[in-house]
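This report introduces a structure to a reader who has not met it before. Please look at the sequence and the model first, then read on.

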Amino acid sequence: MTPKKKVLLVEDHAVTRVGVKHVVNSSADFEVVGEAEHSSQIAPLLNETRPDFVLLDLRIPGENVLNMVKDWKKEHPHLKVVTLTMLDEQPIVHSAIEAGVDGYLLKSDDLSSLTKNLNEIASGKTVYSKNLKLSFNRKPQDGKVANKKEKQILTLLGHGKTYQEIGTEIGLSKRTVEYHVGRLKDRFNAKTVAELIGRAKEQMLI
């Protein structure tokens, strides 16, 4: 008999966790071997349980989990990372794709299709929720996907760094950083740096 594939469930809402765990454990192919409610719990559980999948809610307490995906995959090359989230905004979906997720599923999907999707991902496919088609056809919200340099600037702004400190850290002049921040404010329809940071966090860019 083929061993079940191991799933680490990352979800901070207990009711959702119970429902998803029941669906996964009821299947012939998968079992939940660990549960995390905070971003700081994920890496230790990866090392402890060595799962085949991380089933990932994007908005959990702690750090932005999308920033961690590449490190997880580097440490665990066989690992498949699949979102299970309420967030269907285009910038967030694109950030997840850029981070290297193997599937983007929504909590609004029929849960009965979850293990079918996981099996497709296990076979090497990248699977996206059918409900995302509606999202991709919608007019984009304020802001756009930030490039690598802009993400660095946004992240450092979020850490309270000054323009001069940001420039020193990433090899730009203070004036160039100011230029990038000005463009980001325009694109995200933000009047202040604080508002810009808030919008970037909403879109899971930092």
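The text below treats the nonpolar cores, the pockets, an aromatic pair and two backbone angles in turn. The model is a predicted one.

**Nonpolar cores**

In soluble globular proteins, nonpolar side chains tend to be buried together. In this model, the largest nonpolar core has 27 residues. Those with the most contacts inside this core are I42, V54, L56, L58, W72 and Y104. Three strands and three helices each supply at least two of its residues: strand 1 (5-10), strand 3 (53-56) and strand 5 (103-106), together with helix 2 (42-49), helix 3 (69-75) and helix 4 (90-99). Helix 4 gives the most to this core, namely four residues.

The surroundings of W72 can be described in detail. When neighbours within four places in sequence are left aside, W72 is in contact with I42, L46, V54, L56, V65, L79 and V81. A second core, separate from the largest, has 16 residues, including I153, L157, I166 and A200.

**Pockets**

The two largest pockets are set side by side in the table.

| Pocket | Volume | Lining residues | Nearest the centre | Lining by class |
|---|---|---|---|---|
| Largest | about 390 Å³ | 16 residues | L66, N67, K70, E98 and K151 | six nonpolar, four polar and six charged residues |
| Second largest | about 330 Å³ | 15 residues | G62, E63, N64, K201 and I206 | five nonpolar, six polar and four charged residues |

Which helices contribute at least two residues each to the lining of the largest pocket? They are helix 3, helix 4, helix 7 (148-158) and helix 8 (163-170). Helix 7 provides the largest share of that lining, five residues. Helix 3 and helix 4 are thus named both for this lining and for the largest nonpolar core.

For the second largest pocket, helix 7 and helix 10 (193-202) each supply at least two lining residues. Helix 7 therefore appears in the description of both pockets, as a contributor to the largest and to the second largest.

**The aromatic pair**

A pair of aromatic rings is described by the distance of the centres and the angle of the planes. The structure holds one aromatic pair. F30 and F53 form this pair in an edge-to-face arrangement, with 5.6 Å from centre to centre and 80 degrees between the planes. The pair links distant parts of the chain, since F30 belongs to strand 2 (residues 30-36) and F53 to strand 3, 23 residues apart.

Are the two partners buried or exposed? F30 counts as buried because its relative accessibility is 0%, and F53 counts as buried because its relative accessibility is 2%. Both values fall under the 20% cut-off for a buried residue.

**Positive phi angles**

Most residues other than glycine have a negative phi. R50, although not a glycine, has a positive phi of about 50 degrees. R50 is placed in the loop between helix 2 and strand 3. With a relative accessibility of 43%, R50 counts as partly exposed, because this value lies between the cut-offs of 20% for buried and 50% for exposed.

N189 is a further residue other than glycine with a positive phi, here near 55 degrees. Where does N189 lie? Its place is in the loop between helix 9 (174-187) and helix 10.

Note on methods: Residues are numbered from 1 along each chain as its sequence is written. This is a predicted model: local features need pLDDT of at least 70, side-chain atom pairs count only at pLDDT 80 or more; totals for chains, interfaces and linings use all residues. Side-chain values use heavy atoms; hydrogens and water are left out. A nonpolar core is a set of buried Ala, Val, Leu, Ile, Met, Phe, Trp, Tyr and Cys residues joined through side-chain atoms within 4.5 Å. Buried means under 20% relative accessible area, exposed over 50%, partly exposed in between (1.4 Å probe, protein chains only). Contact means heavy atoms within 4.5 Å. On a 1 Å grid over the protein atoms alone, a cavity is a set of points where a 1.4 Å probe fits but cannot get out, and a pocket is an open set with protein on both sides within 12 Å along at least five of seven lines; lining residues have an atom within 4 Å of a point. Grid points are joined across faces, edges and corners, and a volume is the space filled by probe spheres set on the points. Ala, Val, Leu, Ile, Met, Phe, Trp, Tyr, Cys and Pro count as nonpolar, Asp, Glu, Lys and Arg as charged, and the others, Gly among them, as polar. Rings of Phe, Tyr and Trp (its six-membered ring) pair if their centres lie within 6.5 Å; planes under 30 degrees apart count as stacked, over 60 as edge-to-face and the rest as tilted.
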